Amino acid sequence: MDARNQLFAYKRPYDLDHTADLFVSAMKQNINLHRAKCPDYDKILAERGYQTDCLKTEQDLKFIPPIPTMFYKAHTLSSVPDQKMVIKSTTSGTKGTPTKVGLDLPTCYYGALMLLRILSYYKLFSVVPTNYIILGYQPSKHNKMGAVKTAYGATFLAPALHREYALKDTGSSYRLNIEGIKAQLLRYQRLKLPVRFIGFPAYLSFLIQTLRENNIKLKLNPHSKILLGGGWKQFLSEEVDKEALYQMVEETLGIEARNVKEFFAVVESNVLFCDCKHHHFHVPIYARVIIRDPRTMEPVPNGTPGLLNLISPLVSSMPLGSIITDDIAVLYDGKQCGCGMEAPYFEILGRVGMKEIKTCAAGAGEVLQGERR
């Protein structure tokens, strides 16, 4: 059994102390695999004088040359033939330059193990039939965005009776479906079965504001949940404090704050981060996080903001072992959280101000902005 297999088969998803050596071994194997299968990646490492022999402990992970996600928008790095990419996703919509990511079968298998461990840890699986409000795009043949696939995939955590989408497919574009969502929410309340909301926190905030403007106050099934991801993106100026947002959720939808979960992931990494009861993203055993100075790219001490560097041996189809995102984040010691987990955690503070960066939420955001004018 190789190191990646052992790491992703490990049953305790936040036991970093007992999997440190395994993680390092898995990273070494991952880098060597991509050097052998992807000549361009080998050239990148060679130009930086990097040799995997220097990777012996977790402290050595910082020396792995990180590749900015922006690089993948203009360059394709693959370690397997295109026909072996069983899942293909992009990071943005119709505007901007998307990053195309393909995953082979082994990556999908280990990714499924990771999801099973993390989602089970937070008790997000259920056998009770559930209705869904998707605060995002309806799946469509003309939409390849990873966020769309992720949101749809989340509807399989509990048997789906019905799915209603905030952005309905017209065949060539999308239209806002606020009236449809309002009607379905009233129907879901009468059915008295659990309801799950999935999508961006900004869209949840806009929905609650609309319900309030229409004097709609719901009391949904107490087992209902809200699963958020993607951050506020270009709606940062309208961002609502988490505690204030969760209070509005309780008052308008009747869903307690403890049933609100937020996730963080990027298509280029595919590792899932889920918030704890104090709403912090703790690092699971499948990844390590380094915060780097935007000017020097050197690691900064805990508590200091910088660029988010995600490291993981998950993906074997593309060299994505160490990537630099456009997120500004800060890393903390796990014991500072107080939730009982000792794994370090990070907070996302914002994004770097590069106009050419378009995210998976940009197109949907423009639809919403148009409707809200």
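**Close-up 1. Contact between helix 2 and helix 3 in the predicted model.** Ile 31, His 34, Arg 35 and Lys 37 of helix 2 meet Pro 39, Tyr 41, Asp 42, Leu 45 and Ala 46 of helix 3. Sorted by class, this contact of helix 2 with helix 3 is made up of five nonpolar, one polar and three charged residues. The axes of helix 2, spanning residues 20–37, and helix 3, spanning residues 39–47, come within 5 Å and cross at roughly 115°.

**Close-up 2. Surroundings of His 34 in helix 2.** His 34 counts as buried because its relative accessibility is 1%, and the cut-off for that class is under 20%. A polar atom of the His 34 side chain lies 3.0 Å from the backbone oxygen of Val 315. When residues up to four places away in sequence are left aside, His 34 touches Tyr 41, Ser 79, Val 315, Ser 316, Ser 317, Met 318 and Pro 319, and Tyr 41 is also one of the helix 3 residues in the contact with helix 2.

**Close-up 3. The largest nonpolar core.** This core holds 77 residues, of which Phe 273, Val 289 and Phe 346 touch the most other members. Helix 2 supplies the largest share of this core, with six residues. Another core, of 31 residues, lies apart from it and has Ile 208, Leu 218, Phe 235 and Leu 253 among its members.

**Close-up 4. Contacts of Val 289.** Not counting residues up to four places away in sequence, Val 289 touches Phe 273, Val 283, Leu 308, Asn 309, Leu 310, Leu 331 and Phe 346.

Terms used: Residues are numbered from 1 along each chain as its sequence is written. This is a predicted model: local features need pLDDT of at least 70, side-chain atom pairs count only at pLDDT 80 or more; totals for chains, interfaces and linings use all residues. Side-chain values use heavy atoms; hydrogens and water are left out. Axes are lines fitted to C-alpha atoms, for helices over the stretch in contact, and angles run from 0 to 180 degrees between N-to-C directions. Helices (H or I, at least four residues) and strands (E, at least two) are DSSP runs, numbered from the N terminus. Contact means heavy atoms within 4.5 Å. Ala, Val, Leu, Ile, Met, Phe, Trp, Tyr, Cys and Pro count as nonpolar, Asp, Glu, Lys and Arg as charged, and the others, Gly among them, as polar. Buried means under 20% relative accessible area, exposed over 50%, partly exposed in between (1.4 Å probe, protein chains only). A polar contact is a pair of N or O atoms within 3.5 Å; within protein, one must be able to donate a hydrogen and the other to accept it, and residues adjacent in sequence count only if both atoms are side-chain atoms. A nonpolar core is a set of buried Ala, Val, Leu, Ile, Met, Phe, Trp, Tyr and Cys residues joined through side-chain atoms within 4.5 Å.
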